Structures are given as C-alpha cells and as structure tokens.
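The following exercises guide the reader through a protein model, from surface to core. Each task is followed by a solution in steps.

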Amino acid sequence: MRQAGRAALGVGLVFAWVLLVLLGPAGGVAPDWVSAAAVAHGLGLVLAGWTSTRRALPFRALAAAFLVAALTHALLPGARQVALVLAAAFAAAPILACGGALASLSPRERPWAVASGAALANFPLLLLHSDTAPLALRLGAAVASAAVFAGAELVRPVCAVQAGRFPLRVAAAVGVTYLVGGVTYGLVLP
C-alpha cells in the first residue's frame, strides 16, 4: 500500500498543477495562451511517449525544465505566456513518471491511487479561486510547481520502467487518468 500511496501523491500533485495553473485561476494569461498551453501539453505527452518507445527519457532534465518554466511563469509576470506554454509541454515528464508508478501497481491498488490523487488534485482549487489576490495565486503556482517536481522525484524510483522504454500499460494509465479528469470537468461539473 505504501507504493500506492506514493503513486497517489504523485498523481495528485501533478494534476493539482494542471488544474490550478494550466486550467485554473493561477494561469493569469489570456484564453488563447491557455489553449496554446493545452495543445503544447498534449503534444509534449505524445512526443515524450513516442520518444520513450525508442530510448530512455532524461526524466531529471525534463522535470527540471518544467520546474524552471513553471517558476518563471509564476514569479515573472512579464514572461507568463511563453513560460506557461513551455511548462505545459515539459509537464509531460512528471506525468509520465506518475503514469509509470500507476502502471506498476496491482489492479486492486490502482483505483485507490487514482481516486486519492484526484481528491488531492482538487484541494488547491478549494483554497485558491479566481478572486484570490494575485500575489497569493502566484505563490500558489510556485508552490504547486515545486511540489510537482518533488512528486516526480518521489514516484520515479518506484516506477518499474524508470530507466528503459515504456510499455503500453503506462500509456494506458496516463490515458485513463486524463479520461477521468476530462469526464469530470467536461461533463459532470458544468
């Protein structure tokens, strides 16, 4: 169960950043830039997944690039748009690390990890809303960015495929996690 808890924590942290910053109140950019960031995020996941079938991904370097771009977005308002697009693209690395951690769980542990991660991901949205002071939103985005990096480092060692190619079950784990989020935010909440 300890491994499932680490996977849940990793999933919760990375999707907290996605909901709070990429889709939520801490984005602080025009809708066109949010759309560009969402496209970059999707392309980053596809490219990382495609590349990982041919060679091992440099997770630490990609996660560090995410952290730099995400902190730039949070702390330097003048660079918000481009930094958000770059952070969204490089977020593929921590998400794939979490997908690997989920895929390494037993079928009995996986639903608990996804559900717990989803609950954790929504917690920052209960604290920070669009009417929150801009400084608090920027600080929340910076904390979320650092937490995602730490979470990826936490789950990467338990991921059985950390140093090699990703099997299909990792892509399936990431896809199902996104599907749950998409159904929740696209159909249930509106």
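**Exercise 1.** Determine in which helix L135 is found, and which residues make a nonpolar surface patch with L135.

*Solution.* The model under study is predicted. Step one: L135 belongs to helix 7, which covers residues 134–155. Step two: together with L75, L76 and L139, L135 makes a nonpolar surface patch of about 390 Å². Step three: the accessible surface of the protein chain amounts to about 9,200 Å², and 72% of this belongs to carbon and sulfur atoms.

**Exercise 2.** State how many helices and strands the protein chain has, and how its contacts are distributed along the sequence.

*Solution.* Step one: the count gives 8 helices and 0 strands. Step two: along the sequence, the pattern therefore reads α-α-α-α-α-α-α-α, each α being a DSSP helix run. Step three: among contacts with a separation of 6 or more, 83% join residues 24 or more positions apart.

**Exercise 3.** Describe the largest nonpolar core and the surroundings of L102.

*Solution.* Step one: of the 190 residues in the protein chain, 43% are buried, that is, under 20% relative accessible area. Step two: the largest nonpolar core has 53 residues, and those touching the most other members are W17, V21, L22, F66, L96 and L102. Step three: elements giving two or more residues to this core include helix 1 (2–22), helix 5 (92–103) and helix 8 (168–188). Helix 1 gives the most, with 13 residues. Step four: beyond its neighbours within four places in sequence, L102 contacts A7, V11, R110, A113, V114, A173 and T177.

Definitions and conventions
Residues are numbered from 1 along each chain as its sequence is written. This is a predicted model: local features need pLDDT of at least 70, side-chain atom pairs count only at pLDDT 80 or more; totals for chains, interfaces and linings use all residues. Side-chain values use heavy atoms; hydrogens and water are left out. Patches are made of residues with over 30% relative accessible area and no salt bridge: like charges are joined within 9 Å, nonpolar side chains (Val, Leu, Ile, Met, Phe, Trp, Tyr) within 5 Å. Accessible areas come from the Shrake-Rupley method with a 1.4 Å probe; for residues, only the protein chains shown count as cover. A salt bridge is a side-chain nitrogen of Lys or Arg within 4 Å of a carboxyl oxygen of Asp or Glu. Helices (H or I, at least four residues) and strands (E, at least two) are DSSP runs, numbered from the N terminus. Buried means under 20% relative accessible area, exposed over 50%, partly exposed in between (1.4 Å probe, protein chains only). Contact means heavy atoms within 4.5 Å. A nonpolar core is a set of buried Ala, Val, Leu, Ile, Met, Phe, Trp, Tyr and Cys residues joined through side-chain atoms within 4.5 Å.
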